[in-house]
Amino acid sequence: MTTETSYALTRPAYVGQSHLVVTDLPLVSSFYQSMLGLEVIEKAPSGEVLGVNGLPLLTLTTDSKAQIAPRNAAGLFHTAFLMPNRTELARWLRHAAHNDVVLDGASDHLVSEAIYLSDPEGNGIEIYADRAHEAWKFHQDGQVEMATIRLDLQALYDSAPEDAWGGMADGTAIGHIHLQVGDIPQADAFYRDVLGLKLMARYPGASFFATGGYHHHVAANIWNSRGAGTRADGMTGLSDYTLRFNDKAALDNAVAALDRLEIDSAKRDGGVFLKDPWGIGLTLSA
């Protein structure tokens, strides 16, 4: 069975992978395997790469010197795993309910239906499914209509097929990454003005950025982290993530902007590596 590529991934750029530093690798890895249904793709003593059907999505590394990131540090708000369809979201919810996964919340955002939880070290996770993008409402300025209303988890659960859950479905991806930052105007200046992402929505204390009219590929908020400075090297939580460009021209524009603004970057792993204003690593690749 072939799954249609999610709309989020067909845009000019999208999030490819996320990399977390953890203190207890076996504990955190087993959570992502058993509770989220990711599979181990690569394994080394200091780290593991997890993904779906051979596609790497999440790298976990551990370091004995890792500093525990305070809750108000810049870094990860959540990694958002995008299900290929609503049925898979319901199927995952059914699995979660039967395995006593503790949920932090669930919201209907109009453009999507989202369930929130945390891994054993407090890294935020969103599991979501998009509504058909034809049904999204856009404002005249190009921003998308989003809201946060209660999601009827019982109705979603009841819609799940009663078959055995075999892990994350083929086609699951990281739909977006939501960051904790110190300052919203600074986030706008970096993600919109330097990297060329479009501002798709604003909430009090948060900006949502995307390419190609998606609701958001990257979000940034100051809800816990207002005024946060640069992350220390080797801090637990989000080390870095990848922004993949389907459109080589958009990548070239972003790299040219880095050079023009004299933002430090380095060629690495077939892409260009840099850090955002808070020291969160980012690899741009095509």
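**Notes on strand S8 and the aromatic pairs**

1. A good place to start is strand S8, where Ile125 is the bridge partner of Thr79. Please keep in mind throughout that this is a predicted model. The strand that supplies the parallel neighbour here is S5 (residues 75-82), joined to S8 by four bridges.

2. Strand S8 also pairs with S7 (residues 112-118), this time in the antiparallel sense and over seven bridges. Within that pairing, Glu126 of S8 stands opposite Tyr116. Five residues separate S7 and S8, and the two strands form a hairpin. Have a look at Gly122 in the turn, which has a positive phi of about 85°.

3. How much of S8 is buried? Six of its seven residues are, so the strand is largely enclosed by the rest of the structure. As a general reminder for viewing this region, side chains in a regular strand alternate between the two faces of the sheet.

4. Stepping back to the whole chain, you will find five helices and 17 strands. The radius of gyration is 18 Å, close to the 19 Å that the globule rule gives for 286 residues, so the chain is as compact as a globular protein of that length. Along the principal axes, the C-alpha atoms fill a box of roughly 55 × 50 × 35 Å.

5. Some totals for the chain may be handy too. Of its 286 residues, 52% count as buried. The accessible surface comes to about 12,800 Å², and carbon and sulfur atoms account for 50% of that. Taking contacts between residues at least 6 apart in sequence, 68% join residues at least 24 apart.

6. Now to the rings: the structure holds nine aromatic pairs. One of them is Phe31 with Tyr32, whose ring centres are 5.8 Å apart and whose planes meet at 90°, so this pair is edge-to-face. Phe31 and Tyr32 are both buried.

7. Another pair worth a look is Trp136 with Tyr214: the ring centres lie 5.7 Å apart with the planes at 50°, so the pair is tilted. This pair links distant parts of the chain, 78 residues apart. Trp136 sits in the loop between strands S8 (124-130) and S9 (149-150), while Tyr214 sits in the loop between strands S12 (206-210) and S13 (218-221). Trp136 and Tyr214 are both buried, and ring pairs link them with Tyr7 and Phe138 into a cluster.

8. Finally, which residue lies over the face of Phe273? That is Arg268, at 3.7 Å from the ring centre.

Key:
Residues numbered from 1 in each chain as written. Predicted model: local features only at pLDDT ≥ 70, side-chain atom pairs only at ≥ 80, totals over all residues. Heavy atoms only, no water. Phe/Tyr/Trp six-rings, centres within 6.5 Å; stacked < 30°, edge-to-face > 60°. Buried < 20%, exposed > 50% of the residue type's maximum accessible area, 1.4 Å probe, protein only. Lys NZ or Arg CZ within 6 Å of the ring centre and 35° of its normal. Rg over C-alpha atoms; globule rule 2.2 N^0.38 Å. Contact = heavy atoms within 4.5 Å. Areas by Shrake-Rupley, 256 points an atom, 1.4 Å probe, with all protein chains shown as cover. Pairing = 2+ DSSP bridges.
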